[in-house]
Amino acid sequence: MGAGGEQVRRAAGRERETAQHTRVLIVEDSATQAHALEIVLTSEGFEVELASDGEAALALLATQHVDLIVSDIVMPGISGYELCRRLKSHHATKDIPVVLLTTLSDPLDIIQGLESGADNFITKPYDPSYLVARIHALLTSRRLRQNRKLQMGIEIFFLGKPFVITSEKEQILDLLLCTFEDIVRTNRELQQSKNALARANQELEAFSYSVSHDLRAPLRAIDGFSHALASECADSLGDEGIGYLKHIRSAVTRMAQLIDDLLALAHVSRAQLRRSPVRLDELARACAEVLANSEPGREVTWVIPAQLPADGDPSLLRIVLENLLGNAWKFTRKAPRACIEIGSEPPGPDNEPIYFVRDNGAGFDMAHAEKLFAPFQRLHSNAEFQGTGVGLATVQRIIHRHGGRVWAEAEPQRGATFFFTLGEAGS
């Protein structure tokens, strides 16, 4: 073992020896969390006492001495802040270091901790080794400060409220540094999680693309041989056999459409977003022409404004309108006087333009609206209206990539309206 390793071993030994003579009071109203913390500290050699709330802690301290207190902030009755404030204002307990357990979800946590005289924060959920290291550092810092006089209190204003801080300079610095360390550590963990999630999503999209692409070849073979059987062996198969082949080819067609939709969903997730000025009215008219040519016998009233400017990726927004207008076309098939409209509404509170596609078709029950944009979720049976349940998931993916929102309002047999925004230009 080198000199550095020997120093670490000796330091660990000194900490262990110090812990064996240190009594820690845990103030925690959750028996489960208190027990978990007790296991961590006792395994390090600390002597541990438990109190279920602030009142119980004060009662215990009236008759027993402890060297350090670890307290939750949110408790019934006396909060961790108030407990700390009472301890620091009493001559018999003012020198006991207090560590507050917090989620640090509010900037006021730090200021209220300083005001109450807390010595340190530990962020939940905590790493056991980090918590033990902070306790040892706090005990060492306490010994170094024991002979120093308490400085005069200072008044500060934060978020429009006054706070009086009476903690020593070293205590304030220690508290702020541990808070900053917790924030840095949390941000690092969040970034690592974000990177891992991004990699997982990329791998999932690549896998989905690969599988969907590779499934096309066997499907083409099934469809081709089914067609050959129907053409060349019709007499020997009979009507029943021909019927079976029709079901097979219908299922193949549906699966091929599902694969195409999955590939489209993977494409919009991987494609680079290129924003520019877009005329949604022109895209809508092009989509309407394609839909009308697909069923020349249908009579549908189209309401498309002369100009509907937007800012977004033209190729991706074309896919959005193909899906939304295609859905409107499909679900108005049984409407006696079908009408499909695209337009915009006044901007909302965030000042973003709101666009919509509205129809007077089958609609849906808003109680099931949360399923709309989930892949493979459908609110109508395939017998009523054919589909794969991927189109709206694709729409949502594109809108979210623009930084916008998409939602719907509908009523059964009274049509549906899909709204969307496109985020800020240049985002």
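**Exercise 1. Work out how much of the protein chain is buried and which elements it has.**

Start with burial: of the 427 residues of the protein chain, 40% count as buried. Here buried means under 20% relative accessible area, exposed means over 50%, and partly exposed is in between, using a 1.4 Å probe and protein chains only. Keep in mind that this is a predicted model, where local features need pLDDT of at least 70, side-chain atom pairs count only at pLDDT 80 or more, and totals for chains, interfaces and linings use all residues. Residues are numbered from 1 along each chain as its sequence is written, and side-chain values use heavy atoms, with hydrogens and water left out.

Next, the elements: the protein chain has eleven helices and 14 strands. Both are DSSP runs numbered from the N terminus, with helices being H or I of at least four residues and strands being E of at least two.

Last, the contacts, meaning heavy atoms within 4.5 Å. Among contacts in the protein chain with a separation of 6 or more, 66% come from residues 24 or more positions apart.

**Exercise 2. Describe the sheet that contains β1, and find a helix that packs on it.**

Step one is the strand order, which is β2-β1-β3-β4-β5 in an open sheet with parallel pairing. Two strands pair if DSSP finds at least two bridges between them. The edges are β2 (47–51) and β5 (120–123), each pairing on one side only. From one strand to the next, the twist averages 20°.

Step two: zoom in on one pair. Strands β1 (residues 23–27) and β3 (residues 68–72) run parallel and are joined by four bridges. In this pair, I26 stands opposite V70 of β3.

Step three: look for the helix. Helix α4 (residues 80–88) packs on the sheet and touches β1, β3 and β4 (98–102), with a direction at about 170° to that of β4. For such angles, axes are lines fitted to C-alpha atoms (for helices, over the stretch in contact), and the angles run from 0 to 180 degrees between N-to-C directions.

**Exercise 3. Do the same for the sheet that contains β12.**

Again, go for the order: β9-β11-β12-β14-β13, an open sheet of five strands with mixed pairing. Its edge strands are β9 (300–303) and β13 (406–410), each of which pairs on one side only.

Now pick a pair. Six bridges link β11 (residues 338–345) with β12 (residues 354–359), and these two run antiparallel. You'll find E341 opposite R358 in β12.

The helix here is α10 (residues 314–331), which lies across β9, β11, β12 and β14 (416–420) and runs at about 25° to β12.

**Exercise 4. Explore the surroundings of E352.**

First, place E352: it sits in the loop between β11 and β12.

Then check its charge. E352 is buried yet has no salt bridge, and the nearest side chain of opposite charge, R405, is 4.5 Å away. A salt bridge needs a side-chain nitrogen of Lys or Arg within 4 Å of a carboxyl oxygen of Asp or Glu. Lys and Arg count as positive, Asp and Glu as negative, while His and the chain ends are not counted.

Finally, list the partners. Leaving aside neighbours within four places in sequence, E352 is in contact with P347, G403, T421, L422, G423 and E424. A polar atom of the E352 side chain lies 2.9 Å from the backbone nitrogen of G423.

Notes: A polar contact is a pair of N or O atoms within 3.5 Å; within protein, one must be able to donate a hydrogen and the other to accept it, and residues adjacent in sequence count only if both atoms are side-chain atoms.
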